[in-house]
Amino acid sequence: MSIPRPKLLEMYRDMVTIRLYEETMAEAYLEGKQPVFNIAAGPVPGEMHLAAGQEPVAVGVCAHLRNDDAVVGTHRPHHFAIAKGVDLRKMTAEIFGKVTGLGRGKGGHMHLFDPDVHFSCSGIVGAGIPQAVGAALAFKKRNEDHVAVAFFGEGAANQGAFHEGLNLAALWRLPVIFVVEDNSYAISVPKSASTPIATNADRAAAYGIPGVYVDDNDVLAVYETAGEAVARARGGEGPTLIEVKTHRYFGHFQGDPEVYRPKDEVAQLKANDPIKRFREYLVQSSPDSTNPEADIVQMETEARQRVEDAFAFARESDYPAPEEALLHVFVD
Amino acid sequence: MNTSRKLTMARAISEAIAQEIERDDRVFVMGEDVGIYGGIFSATAGLYEKFGPEQVMDTPISETGFIGAALGLAMEGMRPIVELMFVDFFGVCMDQIYNHIAKNIYFSGGNVRVPLVLMTATGGGYNDAGQHSQCLWGTFAHLPGLKVVIPSTPFDAKGLMISAIRDDNPVIYMFHKGLMGLGWMTLIKDTTGPVPEEPYTIPFGRADIKREGNDVTIISVSMGVYQSLEAAKELERAGISAEVIDLRTLVPLDRETIAESVKKTRRVLVVDEDYLSYGMTGEIAATVMELAFDYLDAPVKRLAVPDVPIPYSRPLEQFVLPSAPKIVEAVKELLYS
């Protein structure tokens, strides 16, 4: 597999953007919540589910997607949204509850809708799966070669929506890719206590579709597997189920006491961090032997600027007028 | 419009869908047994033969799957009509309906459109027991984000269906099995009504005064409208002039027509085949209190299914469902007690 360096750098930039975004969000989230944690306090209230560590899944898959391809994310949606190209300013403003947000402050972090890039997500585990199937059916009905991607966690693979979605997609041979992020925990419950088989990819066999388990939180491995699945979907060969072994660095939500995992687990995982690994690969494979980090650093700078710009925009934006709560139940 | 032609409600609905499929290639139907079977209650009869399996898609028994898919289709620019065979089955797919279909427009601040019609069968009176006989429109009307449409005549059924299909918002379209004109389910005397051949729309939020009167206002939807009209004839023989209002849509609700009628008649009976408590009858009573309290000569009276599941056995079911004689009795109590 040969990926042009500009593409690799773009993927690296997106991964770094995601990481910086989640770390910045974690800090912003704590504002107003110290010394006493109050979920309703601060500029970013409510639940907050961060995806640091899971960048390879979102980026490795979305690197194959075009603007018109649809992505349905989850309650932990930032990495998918960033990888799909959701407007970062509007997304951040939405999370800050501002009128300039994607949903004018009505959805918040679990309900991000950017129809310009065909992105949506849901706070209900597994619910996006049939919706992605529907998007794929729309593409098929119109003879378009777009694809739809449903991202969800390993915990969602025990929902009825997962099985119903796979069944329909296989039955109708739809251009959809189901991507399971196996981050080991459904909130606190380990996969071994929720799933009677080792990998959800095996469940593809029940629907007669390919199932692939990517046993490495590595963006290039995900990219390669996803590339085959996207090509199959675009070529009219139907759906694929991919499960990726990935890792969540933060708790299920910010404030999660994380009593369910060893204290040093995250530190150990970070020793094999996917962004660090990818950076090393980019340095080693650089065509510029005198300054192999130059284009990498440029991506890091771009990522930092994008994140800083988005948070500044969100902070400077206004809240919606309270009575806007009564608008937009319906469109005109 | 020429109204000399008479159709059943089932034919009126399938004609509306056919005309919209012909008009707009984004429109299509999906659901269980909507294809060659023509829908268990014939709402899609003849469409498969006319349009084929692309426009008239049979689905597996997988409501979360295909109703969730309908949302994905709608958000990607299609205009699906998706049938939930019995409204009672909402339990297996309610998350897609109320947490997603009904909320995505709001969550997006009006940036997405959800042009989806969820068509479903309601009603009892034919001894099908508690999982196949409910109305439940009060449940859906209670949750923000769905327009709730309930036709009572073939004419309204066609016009309201065309309006539903052309709406960019999700609409739950609730027909009553007993009003469809099915040869195998005879619950009313005449199941046909005048239906113009050309397409037409009926705006939502406009109640229809099905019969004018001066002494009492009877407000209902669906089968309750038929029963109220039957009761009104009986009441006329007793010298009581009843006005019968068919709400036609619960969301949006035509509160003005309710208030205006009450100001004229000063007495109200609300008839509902849905459950009594926390439902349509309570909402109408509250509306009357808010908009026409000073005009009332008697408290608002309600006739609805007492708070029990719909029972199977004929005498039990008939005991809990509204009927014309019960409406007559209730109106007399309202006027004379």
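Tyr48(B) counts as buried, because 20 C-beta neighbours lie inside 10 Å and a residue needs 20 or more of them to earn that label. This tyrosine belongs to helix H2 of chain B, which covers residues 47-51. Leaving aside residues up to four places away in sequence, Tyr48(B) touches Gly35(B), Ile36(B), Gly38(B) and Val56(B). One of these partners, Gly38(B), is 10 residues away along the chain, and its C-alpha atom is separated from that of Tyr48(B) by 7.1 Å. Please keep in mind that this is a predicted model.

For a second residue, let us move to chain A. Is Leu269(A) buried, partly exposed or exposed? Leu269(A) has 17 other C-beta atoms within 10 Å, so it is partly exposed. Its home is helix H8 of chain A, residues 265-271. Not counting residues up to four places away in sequence, Leu269(A) is in touch with Gly53(A), His247(A) and Tyr249(A). Leu137(A) is 132 residues from Leu269(A) along the chain, and their C-alpha atoms are separated by 39 Å.

Here are the two chains in outline.

| Chain | Helices and strands | C-alpha box along the principal axes | Buried residues |
|---|---|---|---|
| Chain A | 10 helices, eight strands | roughly 60 × 50 × 40 Å | 52% of 332 residues |
| Chain B | 12 helices, 14 strands | roughly 60 × 45 × 45 Å | 59% of 337 residues |

How does chain A, with its 10 helices and eight strands, fill space? Its radius of gyration is 19 Å, close to the 20 Å that the globule rule gives for 332 residues, so chain A is as compact as a globular protein of that length. Of the contacts in chain A with a separation of 6 or more, 74% are between residues 24 or more positions apart.

Chain B, built with 12 helices and 14 strands, can be described in a similar way. The radius of gyration of chain B is 19 Å, close to the 20 Å expected from the globule rule for 337 residues, so chain B is as compact as a globular protein of that length. Among its contacts between residues at least 6 apart in sequence, 78% join residues at least 24 apart.

Back in chain A, a pair of helices is worth a visit. Helix H1 (residues 5-30) and helix H10 (residues 294-316) of chain A have axes that come within 8 Å and cross at roughly 40°. H1(A) and H10(A) are therefore oblique to each other. The crossing of H1(A) past H10(A) is right-handed. Residues that make the contact include Leu9(A), Tyr12(A), Val16(A) and Leu20(A) from H1(A), and Ile296(A), Met299(A), Val307(A) and Phe311(A) from H10(A). By class, this contact of H1(A) with H10(A) has 11 nonpolar, two polar and six charged residues.

Finally, where do the chains meet? The contact between them takes 33 residues from chain A and 34 residues from chain B. On the side of chain A that touches chain B, helix H5 (128-141) and helix H6 (160-171) each supply at least two residues. Which element gives the largest share of that side? H5(A) does, with nine residues. Sorted by class, the side of chain A that touches chain B has 18 nonpolar, 11 polar and four charged residues.

How values were computed: Residues are numbered from 1 along each chain as its sequence is written. Chains are lettered from A and ligands numbered from 1 in the order in which they are written. This is a predicted model: local features need pLDDT of at least 70, side-chain atom pairs count only at pLDDT 80 or more; totals for chains, interfaces and linings use all residues. Two residues are in contact if their C-beta atoms, placed from the backbone, lie within 7 Å. Helices (H or I, at least four residues) and strands (E, at least two) are DSSP runs, numbered from the N terminus. Ala, Val, Leu, Ile, Met, Phe, Trp, Tyr, Cys and Pro count as nonpolar, Asp, Glu, Lys and Arg as charged, and the others, Gly among them, as polar. The radius of gyration is taken over C-alpha atoms; the globule rule is 2.2 Å times the number of residues to the power 0.38. A residue is buried if 20 or more other C-beta atoms lie within 10 Å of its own, exposed if 12 or fewer, and partly exposed in between; C-beta atoms are placed from the backbone. Axes are lines fitted to C-alpha atoms, for helices over the stretch in contact, and angles run from 0 to 180 degrees between N-to-C directions. Angles under 35 degrees count as roughly parallel, over 145 as roughly antiparallel, 65 to 115 as roughly perpendicular and the rest as oblique. A crossing is left-handed if the near helix is turned anticlockwise from the far one by less than a right angle, and right-handed if clockwise.
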